[in-house]
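Open the model in your viewer and keep the sequence panel beside it. The stops below can be taken in order, each with something to select and something to look for.

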Amino acid sequence: MSLCLSGTVHAAERRFLDIEPPQKPGTYLVSGTVFFNPGELASADSIRILKTPDLTDAGFEVLFSEEWPGGSGVMSVDITFVASDKELRTNRFILEWGLEKRAKRETVDPGIKLPEVHFNPGREVTVDDVQLPVGTLTVKVRRHPEYYYYWYLLPIGAILGLLIWRKLHAR
Amino acid sequence: MRLTITFWRRFTQVVCFALLVYSGFIFVRSGRAAGNDSRAETDGSNLRVSSILFTGRRAPVIDAYPPGAVCYFVKDRGLVKGCNIFLISDALTRRTPLSLVLPAVLVFIILSFLVGRLWCGWVCPLGAFGDLIDAIRRRLRIRHAKISDGARQGLRIASYTTFFATSGLSFFIGLRQFSYLQKYLYLPFCEICPARLMCPVVAGGSPGFAGGFATTAHCIFTVLLYGLLAFFAAGFMAARRVWCHFCPIGLATSWFNRGGMLELRKEGTRCNRCGVCVDVCPMGCTHIRDEKESELLSRHECIYCLRCVEFCPKKKCLRLNFFGLKLVESWLRPVKAH
């Protein structure tokens, strides 16, 4: 028996960055930490910061990243980028990840002291928010696909049965 | 040079050690196997690993888990992905579907059923390391301590206890509310496993973590881990194959010693109870000499090193069978001092 599912597939995962716009005019160093679930992000190279409304690549620097143990990808990244107060008031910044392409990287000069603003990963970006490249995919899946793998239990059981029989009859 | 059993065992150990520990260096670094996994190329280029627990990051050459202490944390990775303890701990923590674990379990059962603990005696890199230290001890003419039957039984019980405790811990930290502990307690048995210390070091890495001596905390942990490695080396020096009495993989493989396809047999009428077999046995098995009723000597301690067969002075007294066919039997040979 098969089950038919339909859904919308996004090209990548995207989240708004919640940034409190600064009161004073000037250039700001925006920084924050983003956490990922195991297997969600293979490499920090697959992260981008986009700027609304035209989703231009804002450029950023990864200060620090940490991996999940056992090769399950990236656990967290500390990100920083430079933005003006006007940009922070008028534009929204989106964190995008999951695409297999190298992000635009910029190095923030540590010698320049800029006032800091921190961000938090906000709600997920939906189709209504921006023009996302989307496609529809119909997937047919078995209700219990794992049953196919249980055939391994047959040889395992047979060998263990043979082992026990031989143990009992060993002299 | 006589092509004795010991010669072939040493030869196999060296070849297996090179393959299991240095394959990542030989194949992945040279680029021949890099195409198997893109992480082999990109990993480490931009990511800084801060965890104090993990060093291995590169892809294995073969995605398999054979019996034997084949460490997952070898720098550049070895021929296979890791050992079975790693597989079980990882699967319990990450709730890996049974369907993905079963193939590895089947491979383990087949290999164990075929040759039992021969993996320990001929293939395991940690066993080879122990044998190397034992050879150094013999060269230095240091006497080794004999592990009594009671101590062996105690180590076996401790091994069961540790295995189930660490497996339980692996399951526990897989619970959502305790997942924050994974950063510190993921793969708990690996934290005390000497293979985890030895294999990365001989492959040119650090025994504990990638940081080395970067910070004070890293320095402390590095020194502690090297100290632990020295402790294990001293243990191997003091008593032959001492870890093999405790090793959970050896414990699991030992269930297949009796009833498996490989059988060590004795013809009781030819045995004169001289005890040479007990003297040369690295596991200190006494039943080879003492067994009177049963012809089958494949007990759980036996690692099929076949030193007893090689050094037994009675012709055709001891023999090794595979699928009921005789592979090798004892013959007359002068016995060296040990």
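Helices (H or I, at least four residues) and strands (E, at least two) are DSSP runs, numbered from the N terminus. With that in hand, chain A reads along its sequence as β-β-β-β-β-β-β-α-β-β-β-α. The model is a predicted one.

**Stop 1: chain A as a whole**

Select chain A and show it as a cartoon. Two helices and ten strands make up its list of elements. Colour the chain by burial: 22% of its 171 residues count as buried. Among the contacts in chain A with a separation of 6 or more, 83% come from residues 24 or more positions apart.

**Stop 2: chain B as a whole**

Now select chain B. Here there are 14 helices and three strands. The chain has 338 residues, and buried ones make up 45% of them. For contacts between residues at least 6 apart in the sequence of chain B, 65% join residues at least 24 apart.

**Stop 3: where a helix of chain A meets a helix of chain B**

Select residues 153-169 of chain A, which are helix α2, together with residues 98-115 of chain B, which are helix α4. Their axes come within 9 Å and cross at roughly 30°. Angles under 35 degrees count as roughly parallel, so α2(A) is roughly parallel to α4(B). The crossing of α2(A) past α4(B) is left-handed.

Show the side chains next. From α2(A), pick Leu153(A), Pro155(A), Ile156(A), Ile159(A), Leu160(A) and Leu163(A). They meet Leu102(B), Val105(B), Leu106(B), Ile109(B), Ile110(B) and Phe113(B) in α4(B). Which classes of residue make up this contact of α2(A) with α4(B)? It has twelve nonpolar residues, no polar ones and no charged ones. A general point helps when reading such lists: an α-helix has 3.6 residues a turn, so residues three or four places apart point the same way.

**Stop 4: the loop with Arg143(B)**

Stay in chain B and select Arg143(B), in the loop between α6 (125-139) and α7 (149-172). Is Arg143(B) buried or exposed? It counts as exposed, with 9 C-beta neighbours inside 10 Å. Add Ala238(B) to the selection: the C-alpha atoms of Arg143(B) and Ala238(B) are separated by 7.8 Å, although these residues are 95 apart along the chain.

**Stop 5: Leu187(B) and helix α9(B)**

Move on to the loop between α8 (182-185) and α9 of chain B, where Leu187(B) lies. Its phi is near 55°, a positive value in a residue other than glycine. In general, most residues other than glycine have a negative phi. Leu187(B) is buried, with 26 other C-beta atoms within 10 Å.

Extend the selection to residues 194-202 of chain B, helix α9. How many of its nine residues are buried? Seven are, and the helix is mostly covered. Those buried residues are Pro194(B), Ala195(B), Arg196(B), Leu197(B), Met198(B), Cys199(B) and Pro200(B). Just after α9(B), look at Gly204(B), which takes a positive phi of about 95°.

**Stop 6: the sheet of chain B**

Select the strands of chain B. The three strands form an open sheet in the order β1-β2-β3, with antiparallel pairing. At the edges are β1 (262-266) and β3 (325-329), each pairing on one side only. From one strand to the next, the twist averages 30°.

Take the pairs one at a time. β1(B) and β2(B) run antiparallel and are joined by five bridges. Within this part of the sheet, Lys266(B) stands opposite Leu318(B) in β2(B). Then select residues 318-322, which are β2(B): this strand and β3(B) pair in the antiparallel sense over four bridges. Leu320(B) has Val328(B) in β3(B) as its bridge partner, and Phe322(B) has Leu325(B).

**Stop 7: the hairpin turn**

Finish with the hairpin formed by β2(B) and β3(B), which has two residues between the strands. One to select is Phe323(B), in the loop between β2 and β3 of chain B. Phe323(B) has a positive phi of about 55° although it is not a glycine. Which side of the burial scale is it on, buried or exposed? Phe323(B) counts as exposed, with 9 C-beta neighbours inside 10 Å.

Note on methods:
Residues numbered from 1 in each chain as written. Chains lettered and ligands numbered in written order. Predicted model: local features only at pLDDT ≥ 70, side-chain atom pairs only at ≥ 80, totals over all residues. Buried ≥ 20, exposed ≤ 12 C-beta atoms within 10 Å, placed from the backbone. Pairing = 2+ DSSP bridges. Axes fitted to C-alpha atoms, helices over the stretch in contact; angles between N-to-C directions. Parallel < 35°, antiparallel > 145°, perpendicular 65-115°, else oblique. Left-handed = near helix turned anticlockwise from the far one by under 90°. Contact = placed C-beta atoms within 7 Å. Nonpolar A, V, L, I, M, F, W, Y, C, P; charged D, E, K, R; others polar.
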